[in-house]
Amino acid sequence: MAGALALATGSLVAGGVPATASIAIGPMLVSKYVSARQPLTEPQCESLFTVACYVPAQVQTAYDEQPLFDSGITGAGQTIAIVDAFGSPTIQADLATFDATFNLPAPPSFKIIQPAGKVPAWDPTDANGDVGWAGETTLDVEWAHTIAPGANILLVETPVDETEGTAGFPQIVTAENYVINHHLGQVISQSFGATEPTFPSAASILALRSANFNALKNHVTVLAATGDAGATDYSNAAGTLLYTHRAVDWPASDPLVTAVGGTQLSLLSTGQRTQADRVWNDSTNDALNNAFSGDPDPSALATGGGLSTVFARPSYQDSVAGVVGQQRGTPDIAMSGACSGLVNTYQSFAGEPAGWYVDCGTSEATPMFAGIVALADQVAGHSLGLINPALYAMSAAHAPGLVDVTAGNNSVSFLQPNLVTVKGYAAGPGYDLASGVGTVDAAQFVPELAEAAGGGYGG
């Protein structure tokens with residue numbers, strides 16, 4: 001189910017213990033084809049998958065966006081830069097279909113650039129490369145646009161996926177530096193990551209941070225997904241093996257990046273909640289797992305979150321030192337990502353059936369939060385840059401727009417080949433390593449963030 005794409009193999013030392021692993025950088029996407037002609041209705045979704053699936057209006061209502069829209073806060077004048085390897089050859093037409101179906105306006109501008117080199121010719125047989133990334137691109141674009149329908153979309157495609165060493169990341173860094181240097185966007189959304197222990201060394205991660213420092217200097221907000229394998233993540237090139245201990249992903253673990261985790265929404269058809277949001281965890285949702293993959297066995301399917309083994313606690317997390325100790329903790333914040341609360345997407349590229357899909361993952365949560373940041377940028381009248389200090393200050397002040405997530409955990413169980421359980425972290429009052437500072441009520445959170453971050457945090 002999970003779409004991990006491998007980039008490289010190698011051997012490393014993690015925590016002093018030799019291991020063989022790979023840098024598996026890939027989209028954090030779970031996706032299933034459902035219909036050629038129309039998105040699923042709620043009853044159809046529940047019949048097929050035993051869970052709900054949501055449309056844009058429901059999610060906009062759930063996050064209390066209408067008061068913002070009514071006052072003209074739609075992301076107007078802002079640009080969300082979405083970074084994906086390869087992109088999708090049909091994304092502009094697919095977004096138009098998505099918008100027409102759900103009565104969304106077209107973005108004022110939708111541009112595609114390839115600043116790190118021309119993307120190779122489309123290969124519809126490359127299920128784990130072109131096709132996987134195209135599905136990721138579809139989710140990113142359609143749901144960033146859902147949350148900030150008045151924002152411009154800039155799709156930044158990179159040309160390298162599966163090669164040796166840390167290859168793939170240099171092209172991403174080059175592309176992001178181009179966006180930053182040419183002032184092309186206010187927020188960068190990254191729905192991919194590689195497990196920290198799979199890098200050859202901590203130094204190899206540190207060497208890839210130039211775009212993050214550049215973004216800090218130029219007041220661009222950088223987001224990254226925390227991953228979809230709960231408190232662990234992939235350890236091999238094929239994306240078939242998981243670490244049997246806790247691990248987190250970079251770039252989400254970078255202190256200069258806002259790490260976005262996943263929650264589970266429970267909504268009526270109107271978008272009103274039937275219960276409070278909880279940490280996304282479908283690891284032991286046997287009926288859902290069986291419906292998606294034909295296998296009811298437990299799987300590592302939950303929001304990423306935990307402690308970095310590379311980065312020390314940044315100063316903005318001093319207020320939660322009792323939770324994170326001396327290390328950088330993730331996530332910082334969370335949005336909808338649960339497979340037990342799917343979202344609809346439309347795609348038509350060759351290699352998979354054209355039509356409607358249901359998707360989930362922190363790949364969903366991250367572009368959604370990029371939309372929230374675009375709304376706050378519009379309110380502030382300028383880009384907010386690194387927002388993490390503001391998030392923790394808002395949490396300490398119990399800002400009304402931050403909604404605490406207090407239920408659930410990101411422990412996962414899976415067969416490898418025997419049953420393995422990686423104990424994760426539980427949600428609770430205040431900051432935790434499963435939901436960060438919580439989720440948002442956009443009508444209150446957006447102006448609060450604009451004010452809290454508008455003073456210019458840079459530390």
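This report walks through a predicted model of one protein, from its overall build down to single residues.

**The whole protein**

Let's start with the big picture. The protein has 459 residues, and 61% of them count as buried. Its secondary structure comes to 13 helices and 23 strands. If you draw a box around the C-alpha atoms along the principal axes, the box is roughly 55 × 50 × 45 Å.

How much of the contact network joins residues 24 or more positions apart? Among contacts with a separation of 6 or more, such pairs account for 79%.

On the outside, about 15,300 Å² is exposed, and carbon and sulfur atoms supply 53% of that area. As for charge, there are 12 positive and 40 negative side chains. The centres of those two sets lie 5 Å apart.

**Salt bridges**

The structure holds 4 salt bridges. Here are some of them, with the N to O distance for each pair.

| Pair | Closest N to O distance |
|---|---|
| Arg209 and Asp254 | 2.7 Å |
| Arg273 and Asp277 | 2.6 Å |
| Arg328 and Asp332 | 2.7 Å |

Take Arg209 and Asp254, which form a salt bridge with their closest N and O atoms 2.7 Å apart. This pair links distant parts of the chain, since the two residues are 45 residues apart. Arg209 is in the loop between helix H7 (202–206) and helix H8 (210–217). Asp254 is in the loop between strand E12 (249–250) and strand E13 (258–264). Both Arg209 and Asp254 are buried.

Now look at Arg328 and Asp332: are these residues buried or exposed? Arg328 counts as buried because its relative accessibility is 0%, and Asp332 counts as buried at 0% too. In the Arg273 and Asp277 pair, Asp277 is buried, with 8% relative accessibility. Arg273 is partly exposed, because its relative accessible area is 34%.

**Two buried residues and their company**

Thr263 is a nice one to click on. You'll find Thr263 in strand E13, and it counts as buried because its relative accessibility is 0%. Leaving aside neighbours within four places in sequence, Thr263 touches a string of residues, including Tyr63, Asp277, Trp280, Met335 and Val405. You have already met Asp277 as the salt-bridge partner of Arg273.

Val324 sits in helix H10 (residues 321–324). At 3% relative accessibility, Val324 is buried. Which residues is Val324 in contact with, leaving aside its neighbours within four places in sequence? They are Leu307, Arg313, Gln317, Gly329, Tyr431 and Leu433. Leu433 is 109 residues away from Val324 along the chain, yet their C-alpha atoms are separated by 7.9 Å.

**A closer look at helix H13**

Helix H13 covers residues 442–454, which makes 13 residues. From its first C-alpha to its last, H13 reaches 17 Å, close to the 18 Å expected at 1.5 Å a residue. Its buried residues are Ala442, Ala443, Phe445, Val446, Glu448, Leu449, Ala450 and Ala453.

What covers these buried residues of H13? The cover includes helix H3 (66–70), helix H11 (362–380) and helix H12 (388–396). It also includes strand E17 (333–336), strand E20 (402–403) and strand E23 (439–440).

**Backbone oddities**

Most residues other than glycine have a negative phi, and most peptide bonds are trans. A few spots here go the other way.

The peptide bond from Trp250 to Pro251 is cis, with omega near 20°. Pro251 lies in the loop between E12 and E13. Another cis bond runs from Gln416 to Pro417, this time with omega near -20°. You can find Pro417 in the loop between strand E21 (412–415) and strand E22 (419–422).

Then there's phi. Thr50 isn't a glycine, yet its phi is positive, near 70°. Thr50 is in the loop between helix H1 (42–49) and strand E5 (53–54), and it is partly exposed, with a relative accessible area of 45%. Asp64 has a positive phi of about 55°. Asp64 is in the loop between helix H2 (56–62) and H3, and it counts as partly exposed because its relative accessibility is 26%.

Definitions and conventions. Residues are numbered from 1 along each chain as its sequence is written. This is a predicted model: local features need pLDDT of at least 70, side-chain atom pairs count only at pLDDT 80 or more; totals for chains, interfaces and linings use all residues. Side-chain values use heavy atoms; hydrogens and water are left out. Helices (H or I, at least four residues) and strands (E, at least two) are DSSP runs, numbered from the N terminus. The expected span of a helix is 1.5 Å times one less than its number of residues. Buried means under 20% relative accessible area, exposed over 50%, partly exposed in between (1.4 Å probe, protein chains only). Contact means heavy atoms within 4.5 Å. A salt bridge is a side-chain nitrogen of Lys or Arg within 4 Å of a carboxyl oxygen of Asp or Glu. Accessible areas come from the Shrake-Rupley method with a 1.4 Å probe; for residues, only the protein chains shown count as cover. Lys and Arg count as positive and Asp and Glu as negative; His and the chain ends are not counted. The place of a charge is taken as NZ of Lys, CZ of Arg, CG of Asp or CD of Glu.
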